[in-house]
Amino acid sequence: MMKKTELYVVRHGKTIFNLLDRVQGWSDTPLTEVGRENIRCLGKGLEDVPFVEAYSSDSGRAIETTRIILEEQETTSSNIKHSIDSRLREWCFGSFEGAFNDELRKVLPTVTDDESGNKILDPTLTFEKMAELLQRADKVAITEPYEKIKRRVLSVFAEIAKRTELHGGGNVLIVSHGLTIIFLLTLIDPSVNINVDIPNGSVTHITYENAKFEVTMIGDTSFIKKPETKPFAKRIDRI
C-alpha cells in the first residue's frame with residue numbers, strides 16, 4: 001500500500017563554529033559534546049518514526065548527525081542506507097568562511113528586532129538579492145550564483161521525494177543546514193519569513209503528494225527528548 005511521503009529535515013547538531021558564532025557554510029567543524037548529546041536525544045525522540053531512507057550533505061557535521069540519529073534508533077531504522085549528497089550542503093560564504101557572523105552581517109541589510117533588540121536580516125531581503133550581495137563581497141570568488149543554489153536545492157529534495165514515492169512512500173530523514181533549509185521553505189512557500197528560526201537539531205516536516213510539497217512544521221525541537229538530570233547538575237559546551 002502506498003504511504004504518504006514525509007520528509008523529516010533536520011539541521012545538524014551544534015558545532016564548534018556555531019558555539020563561537022563564526023560563519024560556517026562549506027567550511028566545517030565537528031559537533032561539540034553537547035551538540036552530540038542533543039542529537040543522541042533527537043535520535044531517541046524519533047524512535048517512533050520508521051525511516052525508509054536517510055540522506056545528508058557531504059559536510060562532516062551533517063554526516064555525524066545522521067549517523068548518531070540512526071544509531072540511537074536501534075531496531076527502527078538502524079539498518080537503512082545513509083546516502084550522502086553534496087547538493088544538501090549549506091550556502092558557500094566565500095571569503096567570509098570562518099569569520100565572525102557580525103562581519104558577514106555587515107554586507108547584508110539588517111534591521112533591529114523590536115522584540116529582542118537584536119539585529120536581524122531585513123525581512124524584505126530576498127535570497128536572490130542575498131546571493132548577489134555575497135558574490136559581490138566575496139574576495140575569493142567561490143560563492144554560488146542564485147540560480148545555481150536554487151537548482152541544486154530544488155533538484156535534490158525533488159529527487160528524494162519522487163524516488164521515495166515511487167518505492168511506496170514513507171518517512172525520509174534528511175540532514176542539512178540552517179540557511180539551506182530556510183531557502184527551501186521559501187521556495188515551497190514564499191510567505192515564509194527569511195528570519196524563521198531553525199535551531200540545531202530541530203526538525204522541519206515536509207510532505208510530498210501529487211508532485212507538491214507542503215510544509216507542516218518548521219524548526220521543531222520537541223523531538224529532542226532529554227533524560228532527567230540530577231539536581232544542580234550543569235552542562236556546558238566544551239571544544
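Which strands does helix α6 lie across? Helix α6 covers residues 146-166. This helix lies across β1, β2, β6, β7 and β8. Its direction makes about 140 degrees with that of β1. Keep in mind that this is a predicted model.

Now look at the sheet itself. The sheet is open and has 6 strands. Their order is β3-β2-β6-β1-β7-β8. The pairing is mixed. Strands of a sheet pair through backbone hydrogen bonds, and the pairing can be parallel or antiparallel. Which strands stand at the edges? They are β3, residues 82-84, and β8, residues 212-220. Each has a single partner strand, so one side of each is left without a neighbour in the sheet. From one strand to the next, the twist averages 20 degrees.

Start inside the sheet, with β1. This strand runs over residues 5-11. Is β1 largely enclosed or largely open? Of its 7 residues, 6 are buried, so β1 is largely enclosed by the rest of the structure. Follow its pairings next. With β6, residues 170-176, β1 runs parallel, and 7 bridges join the two. Find V9 on β1; I174 in β6 stands opposite V9. With β7, β1 pairs in the antiparallel sense, over 6 bridges. Here E6 has T207 in β7 as its bridge partner.

Stay with T207 and step outward. Strand β7 covers residues 203-209. β7 and β8 run antiparallel, joined by 6 bridges. On this side, the bridge partner of T207 is E214 in β8. So far the sheet has been read strand by strand. A second helix packs on the sheet: α7, residues 178-188. Helix α7 touches β1, β6, β7 and β8. The direction of α7 makes about 35 degrees with that of β7.

Go to the other edge of the sheet for a single residue. S83 sits in strand β3. Is S83 buried or exposed? S83 is buried, because its relative accessible area is 17%, and buried means under 20%. Which residues touch S83, apart from neighbours within four places in sequence? They are A54, Y55 and S56. The neighbouring strand β2 spans residues 51-56.

Next come the pockets. The largest pocket has a volume of about 950 Å³. It is lined by 29 residues. Closest to its centre are R11, N101, R105, L179 and I182. Which elements give two or more residues to this lining? They are α1 (16-19), α4 (101-105), β5 (119-121) and α7. By class, the lining of the largest pocket has 13 nonpolar, 8 polar and 8 charged residues.

The second largest pocket has a volume of about 200 Å³. Its lining holds 14 residues. L125, T126, F127, T186 and P190 lie nearest its centre. Two or more residues come from each of α5 (127-137) and α7. Helix α7 gives the most to this lining, with 3 residues. The lining of the second largest pocket divides into 9 nonpolar, 4 polar and 1 charged.

How many cavities of 30 Å³ or more does the structure hold? There is 1. The largest cavity has a volume of about 30 Å³. W91, C92, A131, L134, Q135, T143, E144 and I149 line it. Helix α5 gives the most to this lining, with 3 residues. The classes here are 5 nonpolar, 2 polar and 1 charged.

Finish with one residue of that lining, Q135. Its place is in helix α5. How accessible is Q135? Q135 is partly exposed, because its relative accessible area is 37%; that class lies between 20% and 50%. Leaving aside neighbours within four places in sequence, Q135 is in contact with T143, E144 and P145. T143 and E144 also line the largest cavity. Along the chain, Q135 and P145 are 10 residues apart. Their C-alpha atoms are separated by 7.2 Å.

Note on methods
Residues numbered from 1 in each chain as written. Predicted model: local features only at pLDDT ≥ 70, side-chain atom pairs only at ≥ 80, totals over all residues. Heavy atoms only, no water. Pairing = 2+ DSSP bridges. Helix = DSSP H or I, 4+ residues; strand = E, 2+ residues; numbered from the N terminus. Axes fitted to C-alpha atoms, helices over the stretch in contact; angles between N-to-C directions. Contact = heavy atoms within 4.5 Å. 1 Å grid on protein atoms, 1.4 Å probe; cavity = no way out; pocket = protein on both sides within 12 Å on 5 of 7 lines; lining within 4 Å. Points joined across faces, edges and corners; volume = space filled by probe spheres on them. Nonpolar A, V, L, I, M, F, W, Y, C, P; charged D, E, K, R; others polar. Buried < 20%, exposed > 50% of the residue type's maximum accessible area, 1.4 Å probe, protein only.
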